[in-house]
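The following exercises are to be worked with the sequence and the structure at hand. Each task is followed by a solution in steps.

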Amino acid sequence: MKAPRPIFTLAFLLVLCFSLAASLHPVFAIMAGDHAGDSMIKTVLGDGRKMFANHFYTQADVYFHSGFYPNFIEQSYATGGPKKIHIAERQEEGKTDDDDEKEEPGMNFMGKSADWIESFGRHFRSHVHTHLDKPGAAREILPWLQLAAELDPQKVETYTVASFWLRKNMHKPDEAETFLRQGLKANPTSFEILYELGLVYYEDRKEPERALNLLDLALVRWRQAEAAHRKPDPHQCDAILAHLSTIEESNGHWSNAVSYLEQEMEFTPSKESVGKRIEELRMKIPH
Amino acid sequence: MLPIIDISGLRVEYRTQAIGQTHKLAVDGLDLQVMPGEVFGFLGPNGAGKTTTMNVLLGFVTPSGGTAKLFGTDVQQPIARQRIGYLPELTYYYKFLTAEEILRFYAKIFKIPKAEVEPRINQLLKLVELEHARKRVIKGYSKGMQQRVGLAQALINNPDLLILDEPTSGLDPIGRMKVREIIQRLKNEGKTVLFSSHELGEVETVCDRVAILHQGKLRVQGRVNDLLKEYQTNLEQIFLKIIGYQPSIAI
Amino acid sequence: MNVILAIANVVIKELYRRKDFYVLLVLTAVITILMASANIFNDDKVVGYLKETCLRLIWLSALVIAVGTAARQIPAEIEQRTIFPLLAKPVTRWQVILGKFVGCWLASGIAIVVFYAFLMVVSASHEHEWRLLNNFQCLWMEWMFLAIVISMVLLGSVVFAAPSSTLTITLVVVLGILLLGENLNLVAVHQAEPVRSLLYVVYFSIPQFSWFYLGDFVVHKIGSVEWLYIFLASLYSMAYSAFFLLTTWVCFRRKGLNK
């Protein structure tokens, strides 16, 4: 019997492979379930992507400090920090870099050199503590935040930090809102993202009613998190309540404003000033 | 007249991993001289020590004892190789270079003046009949073509001494004839040639003197005509007698 | 000098007639262009991440080219027997080593010039400025780094049996020094004896590769390095390269060439 020509064997194998792929695809799509829509990066990296996400989030902080940043060994041996990533903090008005140095003890990693090698090597490193807070300068941290969000959509700070700098430094509220909504889709119960979204509508879009709804929902989510013993940050609740009372006050709804301030008394470190504000607003409520 | 090659009491030992033996004696007390203008045949069965001796002359191997000189200079000095050309048995050259580039490379090594380089390259490529393939990389050459490149690079510096290790190995009859013609031409120009070969008929035709090595020792040395007269037979039979070969069947 | 340059010329020809260089160049270009086409919050002026990614790719590609080229020089000459017609000429083994070093170094230099030209075009298209000084300093220091690496690899190629072992071991050592070398003193301080002393010996012996990466100055636009320190670092690189090359010669001069 003559052996079949190779081309026919190849053609047969091709048809067989295609038929198998077509018939098995729906089966695997069902098995993939929630991960069916995952990007290639997530599929390739698996849970290791969270490690990369953290690295890229830190990289955003490195860029924020123009490369003046301790490496991973310096971080592990440094006393006192950097305990938290600086870009997560809001840049407060009137603060200088000297204030930041005091608040970031970990950024004093370049102390006295131990030997000539270390001393000489510093000339080839970024050695001045700066921040990318000039208008438009924060754009450099955004790619890293975008990448971190792509790899770990459950890391909420990525969205809130990016939104802050998009609004305050880049003046891009539309992009901030889109990014926050993307984060909300991945984290529907996140009060942090809802709060940030509320700020977009209040401070940038000047839509206080919508802001009010979002901040109210944020407060509800915070309370739910507290009830579920997830220990949400009380300062966040303080901020939400402060903004709610400010919006109600600007709308002339004094009693609502007072109610929010009274709730804020539980969380605020400035009880005296909040108490004073309550008294002032009570004076305005018609009897 | 001083010999061009002067080997005295040469001894080369190698370390070996054979059981019961730590060292192997490749060359044992070799005394050899090659005079200017001679064509000298270096003969011996495989493993006799011919290539080892050539490697010593070329500085690849450091001798364990004795001396070896080229043009009166110790072979370990690079300057001793300024006036020699060498064609190895297995010819390998940089596969990514063309024949022209290889010759130009070796011309630079010999510090040949720029004005002389191109005419010499043209002349050599014509001599070895590789003009048509001068721009082609060596990777695309046949064995015979590579051998001819080897011959050309051995002649690039117009050497006074040419050392050829099995120069006709792998060549067809026409190629072998061409090599013989080149050796004869060099002899007519007063050059000295030292070559090893298993083609004893060729050696008998071309060489003035021969030396036969066996198991690292020099067994016989002399003019070809004198040896033929003394043994009353051809060089092949002399060779087989010297190495003590007994045929199992009558030929 | 003629001999050394002639051997170097052959090494350079080998590099650009092999495919490795072009594959790495195209890969770097494709990855950079893909990243440049990404939409970063509708902002087309973002350039830091692009420069950083491109620089890291350049470093990796240049390292692979340098190590890959240097690792096979002497072993391939011996294995393919091209060393015999070479040493049969008035060439010393020291000239062969130096020629191979100069060739690999110049070849790597040509490769990184091409890579940096690409980087400058990409970053200038976003920033609208060339920043020649920063880029030149970064390129120069990378070239000095490659000098040490190539001399290390040549030593490895004479010591180890196969080019693949040389390549693997050298890459591991170089990457290890890049990641940990500059902080070994910090680690040593927190260890007990005798580990502390051992770490200090290693710390002061190894070449400090971290000095040679000036990417921060290119990416973050924080000025430039003083020329005095560039000069001193270059001298440091030449000193280490000379040490490795001398050691290579000591190992190679008595090495048997027949297999």
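**Exercise 1.** Determine which side chain is joined to that of E74(A) by a polar contact, and whether E74(A) is buried or exposed.

*Solution.* Step 1. The side chains of E74(A) and R125(A) are joined by a polar contact of 2.9 Å. A polar contact is a pair of N or O atoms within 3.5 Å; within protein, one must be able to donate a hydrogen and the other to accept it, and residues adjacent in sequence count only if both atoms are side-chain atoms.

Step 2. The model is predicted: local features need pLDDT of at least 70, side-chain atom pairs count only at pLDDT 80 or more, and totals for chains, interfaces and linings use all residues. Side-chain values use heavy atoms, with hydrogens and water left out, residues are numbered from 1 along each chain as its sequence is written, and chains are lettered from A and ligands numbered from 1 in the order in which they are written.

Step 3. E74(A) lies in helix α4 (residues 72–77) of chain A. Helices (H or I, at least four residues) and strands (E, at least two) are DSSP runs, numbered from the N terminus.

Step 4. E74(A) counts as buried because its relative accessibility is 12%. Buried means under 20% relative accessible area, exposed over 50%, and partly exposed in between (1.4 Å probe, protein chains only).

Step 5. For chain A as a whole, 41% of its 287 residues count as buried, and the secondary structure comes to 14 helices and zero strands.

**Exercise 2.** Establish which of the chains touch, and describe the interface of chain C and chain A.

*Solution.* Step 1. Two pairs of chains touch, and chains A and C make the most contacts; contact means heavy atoms within 4.5 Å. Chain A and chain B do not touch, their nearest C-alpha atoms being 31 Å apart.

Step 2. Chain C contributes 37 residues and chain A 32 residues to their contact. About 3100 Å² is buried between chain C and chain A, with 66% given by carbon and sulfur atoms. Buried area is the accessible area (1.4 Å probe) that two parts lose on being put together, summed over both.

Step 3. The interface of chain C and chain A holds one salt bridge, in which the side chains of D43(C) and R139(A) meet (3.1 Å, N to O). A salt bridge is a side-chain nitrogen of Lys or Arg within 4 Å of a carboxyl oxygen of Asp or Glu.

Step 4. Between chain C and chain A, 15 residue pairs are in polar contact (both at pLDDT 80 or more).

**Exercise 3.** Describe the interface of chain C and chain B, and state which helix gives the most to the side of chain C that touches chain B.

*Solution.* Step 1. The contact involves 26 residues from chain C and 25 residues from chain B. Together, chain C and chain B bury about 2400 Å², 67% of it on carbon and sulfur atoms.

Step 2. One salt bridge is found across this interface: E101(B) pairs with R17(C), with the closest N and O atoms 2.7 Å apart. Seven residue pairs are in polar contact (both at pLDDT 80 or more) between chain C and chain B.

Step 3. On the side of chain C that touches chain B, α1 (2–17), α4 (83–87) and α5 (93–127) of chain C each supply at least two residues. Helix α1(C) gives the most, with nine residues.
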